[in-house]
Amino acid sequence: MKQRTTRRQFLSASALAVPMSGMAPLRHVSLQEQGTVGVASAPEWSFTVVSLEDPYTGRITRPAEPDPDARFVAVQVIINNASDSPLDFQVSDIRVRDTDDVEYQAGDAIGSEPRLVSQNLPDKERTRGWVWFQIPNEARVREVRFYAPRPVFRVQIPAAEGTPEAG
């Protein structure tokens, strides 16, 4: 009968197989004996589309000369950062996608309503504003997308007794 290797046996054997030259000693933390070391979860960000105007009926301040084969679309959005870390975003991270899967980036057009500003949004803060898009007249908007930055997952490891960090 073939014996199965347990996870603990596998991890122990793997740790012994790692060459130790120039490496710090391995620190074994038993989750079964001490409980969970820590958990990293996704940031609590939300993106809300409050309203969409297609075509935009307000006054465009930029560009000075609109393309005659295009129209403007305006979207009012809220970005909420309910996490414990800042959220760095650019207005160009917001895009509309049409029914042909073509994406149009915000930032080339500006209207007269209060606009969304690129920023490093502090934790527990939110921002609200308008973004504008210039899209071909024949394009039909299917969705609004926000390409939020990728989160960095961190789990703080407490210093063990006898290590330099422990004092």
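Two strands count as paired if DSSP finds at least two bridges between them. The exercises below use this rule on a predicted model.

**Exercise 1. How many bridges join strand 3 to strand 9, and in which sense do the two strands run?**

Solution.
- Step 1. Find strand 3 at residues 70–81.
- Step 2. Count its bridges to strand 9: there are 12.
- Step 3. Apply the cut-off of at least two bridges. Strand 3 and strand 9 are joined by 12, and they run antiparallel.
- Step 4. Check single positions. Val77 faces Gly129 in strand 9. Ile78 has Arg128 of strand 9 as its bridge partner.

**Exercise 2. In what order do strands 1, 3 and 9 stand in their open sheet?**

Solution.
- Step 1. Take the other pairing of strand 3. Eight bridges link strand 1 and strand 3 in the antiparallel sense. Here Ser46 is matched with Asn80 in strand 3.
- Step 2. Put the pairs together. The order is 1-3-9, with antiparallel pairing.
- Step 3. Look at the edges. Strand 1 (45–53) and strand 9 (125–136) each have a single partner strand, so one side of each lacks a neighbour in the sheet.
- Step 4. Add the twist. From one strand to the next it averages 25°.

**Exercise 3. Which strands stand at the edges of the sheet with the order 6-5-10?**

Solution.
- Step 1. Note the type: this is an open sheet of three strands, paired antiparallel.
- Step 2. Name the edges. Strand 6 (103–105) and strand 10 (141–146) pair on one side only.
- Step 3. Turn to the average angle. Neighbouring strands here are turned by 25° against each other, direction ignored.
- Step 4. Follow strand 5 (residues 94–98) to strand 10. Five bridges hold this antiparallel pair, and Arg97 has Glu143 as its bridge partner in strand 10.
- Step 5. Follow strand 5 to strand 6. Three bridges join these antiparallel strands, with Val96 opposite Tyr104.
- Step 6. Inspect the turn. Strand 5 and strand 6 make a hairpin with four residues between them, and Asp101 in the turn has a positive phi of about 65°.

**Exercise 4. Why is strand 3 described as largely enclosed by the rest of the structure?**

Solution.
- Step 1. Set the cut-off: a buried residue has under 20% relative accessible area.
- Step 2. Count in strand 3. 11 of its 12 residues are buried, so the strand is largely enclosed by the rest of the structure.
- Step 3. Repeat for strand 5. Four of its five residues are buried, so strand 5 is also largely enclosed.

**Exercise 5. Which residues have the most contacts inside the largest nonpolar core?**

Solution.
- Step 1. Start from the total: the core has 18 residues.
- Step 2. List the best connected. They are Ile79, Ile94, Leu116, Val131 and Phe133.
- Step 3. Trace the sources. Strand 3, strand 4 (87–89), strand 5 and strand 9 each give two or more residues. Strand 3 gives the most, with four.
- Step 4. Zoom in on Leu116. Beyond four places away in sequence, its contacts include Val77, Ile79, Phe89, Val91, Ile94 and Trp130.
- Step 5. Look elsewhere. Another core, of seven residues, lies apart from the largest one; Tyr56, Ala74, Ala109 and Trp132 are among its members.
- Step 6. Recall the general background. In soluble globular proteins, nonpolar side chains tend to be buried together.

Conventions. Residues numbered from 1 in each chain as written. Predicted model: local features only at pLDDT ≥ 70, side-chain atom pairs only at ≥ 80, totals over all residues. Heavy atoms only, no water. Axes fitted to C-alpha atoms, helices over the stretch in contact; angles between N-to-C directions. Core = buried A, V, L, I, M, F, W, Y, C linked by side-chain atoms within 4.5 Å. Buried < 20%, exposed > 50% of the residue type's maximum accessible area, 1.4 Å probe, protein only. Contact = heavy atoms within 4.5 Å.
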